[in-house]
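User: I would appreciate a close look at a single part of this protein, set in the context of the whole chain. Please choose one helix and explain how its residues are placed.

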Amino acid sequence: MAHKPDYEELLKKLAEAEEIISALRNQELDAVVGTKSVLFIRLKETEDQLKEQRKYLEDLLAERTRLLEDLKIHQVELETQAEELRRAQREAQDLLDKYLDLYDHAPVGYLTLDKGGVIIEVNVTATEMLSLDKKELIHTPITKLISPDSQNEFHFHMNRVFETGTTQTSEIRIRKGNGLTFHAKLQSMAVSSGDRTKNVRTSLSDITGRKKAEEELHQYREHLEEIVARRTRELRELSHRLVDAQEKERTTIGNELHDEIGQYLTYCTLLIDRASRKPDPEVLAQAKASVQDAMSLIRDLSSMLSPRLLKSAGLLTAVESLLSEYTRRTGIKVDLDHSGIGEVPEDAGLAIYRIIQESLTNVARHAQASEVKVSLSRQNDDLCLEVADNGIGFESGFDRKSTGLTGMRERAVALRGELTIDSRKGQGTRVIAAIPLSEPSNV
Ligand SMILES: Nc1ncnc2c1ncn2[C@@H]1O[C@H](COP(=O)(O)OP(=O)(O)OP(=O)(O)O)[C@@H](O)[C@H]1O
Ligand SMILES: [Mg+2]
């Protein structure tokens with residue numbers, strides 16, 4: 001490439017040349033001739049320099065054109081890069097917005113605390129949970145929001161966070177801006193803050209509902225345990241009383257067999273002896289009547305022990321027979337009302353039969369009643385019974401010592417049913433029972 005020309009030199013030479021040319025024009029030939037050869041030489045030099053300059057300028061132009069092209073290429077590249085950067089920036093902004101939205105409206109409250117427990121960051125959920133603005137929370141020590149009874153727990157929580165370096169969970173009570181408190185679950189972990197110290201990132205969830213449910217469950221469990229303990233006690237007592245009752249019943253049957261039937265049979269033996277010594281149709285008729293009395297007594301005893309009719313003829317027939325026998329023995333009128341009870345399973349039939357039997361015995365023993373109404377019906381899937389008398393009544397209730405009433409109720413409960421006594425002094429007594437006939441569901 002040509003050297004960069006000395007412009008001042010060039011201008012000087014051009015001025016000289018102009019001078020010579022103007023002298024020529026003015027016919028100053030002598031002077032011209034004297035300087036002609038010098039002039040020529042200078043003109044030649046000037047021409048060379050001008051050529052050189054031209055060459056320099058051409059090179060410069062070529063260089064500039066190349067540079068311009070390079071620049072254009074760079075410019076396009078830069079514009080592409082700038083566009084990519086703008087796109088990346090937009091994406092980063094979108095992500096940041098999304099993250100902030102998720103952070104702010106996460107289902108749990110988020111707090112960042114410095115090492116001393118001062119709040120330095122908080123999301124919207126936490127402000128809502130605490131009923132305080134962001135401004136009120138930032139720079140506030142979190143201990144101000146913790147109820148006095150949870151301060152120790154929170155202190156240990158923070159210590160564990162720094163000592164273990166792992167996530168720690170605690171349940172504490174928090175006091176809100178409006179003065180109300182709630183049960184909160186804290187989950188905290190230490191995070192680097194950038195200046196070598198550690199901050200604590202804490203999530204906060206309101207577990208008041210869960211605590212309440214736990215409390216209710218606890219109370220319910222205690223209540224159930226109480227019921228189970230009471231029922232166990234009742235059943236134990238009942239079982240003792242049933243053993244007693246069984247013993248009494250055996251004694252009664254033994255006495256009946258010995259005193260009543262034995263008496264009939266002894267009398268009968270005497271009559272037969274007498275008739276064998278001297279046949280007498282009158283004596284034989286008496287012996288026969290005595291045997292029949294014994295047989296009737298055996299039948300009564302047998303049906304008291306096991307109601308055979310129940311199996312062979314069904315509940316209704318067995319109840320009808322029980323009632324007519326009862327009226328015959330006690331003179332108390334019994335009215336039976338029944339409506340479409342249909343087929344009844346054996347266990348439910350036996351339970352209803354025994355409840356009627358005990359109710360009627362009670363009427364005969366305690367009620368001083370003249371009339372009893374027994375109703376049997378089927379409502380939905382329940383077999384329902386009511387035995388009502390018009391006697392003196394009593395202050396009803398299941399006294400633990402009353403084997404008869406408790407036994408009736410146990411029979412109903414054993415079949416998932418229930419039994420209540422409705423009685424008041426002077427107002428008669430109603431025994432009401434319902435036994436479900438449907439299969440128990442597994443739920
Ligand atoms: N229909 C009734 N009318 C009046 N009092 C009754 C009637 N049924 C029961 N009672 C009262 O309730 C008490 C308890 O009855 P429950 O059948 O449990 O015992 P009980 O008849 O005395 O003896 P058992 O254990 O032999 O049946 C009776 O002692 C009686 O005072
Ligand atoms: Mg009784």
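Analyst: The domain assignment divides this predicted model into domain 1 (7-99), domain 2 (109-206), domain 3 (210-305) and domain 4 (307-443). The C-alpha centres of domain 1 and domain 3 are 138 Å apart. Along its principal axes, the C-alpha trace of the protein spans about 215 × 50 × 40 Å. The radius of gyration is 59 Å, whereas a compact globule of 443 residues would have a value near 22 Å. Buried residues account for 18% of the 443 residues. Of the contacts with a separation of 6 or more, 55% join residues 24 or more positions apart.

The protein has 11 helices and 10 strands, and the part examined here is helix 9, which covers residues 315-330. Helix 9 contains 16 residues, and the distance from its first C-alpha to its last is 22 Å, close to the 22 Å expected at 1.5 Å a residue.

The buried residues of helix 9 are L315, A318, V319, L322 and Y326. Viewed down the helix axis, these buried residues fall within an arc of 95°, and they therefore line one face of helix 9. The general geometry of such a helix is relevant here: with 3.6 residues a turn in an α-helix, residues three or four places apart point the same way. On the other side of helix 9, T317, S324 and R328 are exposed.

As to what the buried face meets, the buried residues of helix 9 pack against helix 8 (308-313), strand 6 (333-339) and helix 10 (346-367). After helix 9 comes G331, with a positive phi near 80°.

Positive phi values also occur elsewhere, in residues that are not glycine. As a general rule, most residues other than glycine have a negative phi. R416 nevertheless has a positive phi of about 65°. R416 is located in the loop between helix 11 (403-414) and strand 9 (418-423). Because 13 other C-beta atoms lie within 10 Å, R416 is partly exposed.

S131 is another residue other than glycine with a positive phi, in this instance near 55°. The loop that holds S131 runs between helix 3 (124-130) and helix 4 (134-137). S131 counts as partly exposed because it has 14 C-beta neighbours inside 10 Å.

To return to the helix itself, L315, A318, V319, L322 and Y326 are its buried residues, while T317, S324 and R328 are exposed on the other side.

Notes. Residues numbered from 1 in each chain as written. Chains lettered and ligands numbered in written order. Predicted model: local features only at pLDDT ≥ 70, side-chain atom pairs only at ≥ 80, totals over all residues. Helix = DSSP H or I, 4+ residues; strand = E, 2+ residues; numbered from the N terminus. Expected span 1.5 Å × (residues − 1). Buried ≥ 20, exposed ≤ 12 C-beta atoms within 10 Å, placed from the backbone. Arc of directions from axis to C-beta. Contact = placed C-beta atoms within 7 Å. Rg over C-alpha atoms; globule rule 2.2 N^0.38 Å. Domains from an automatic or database assignment.
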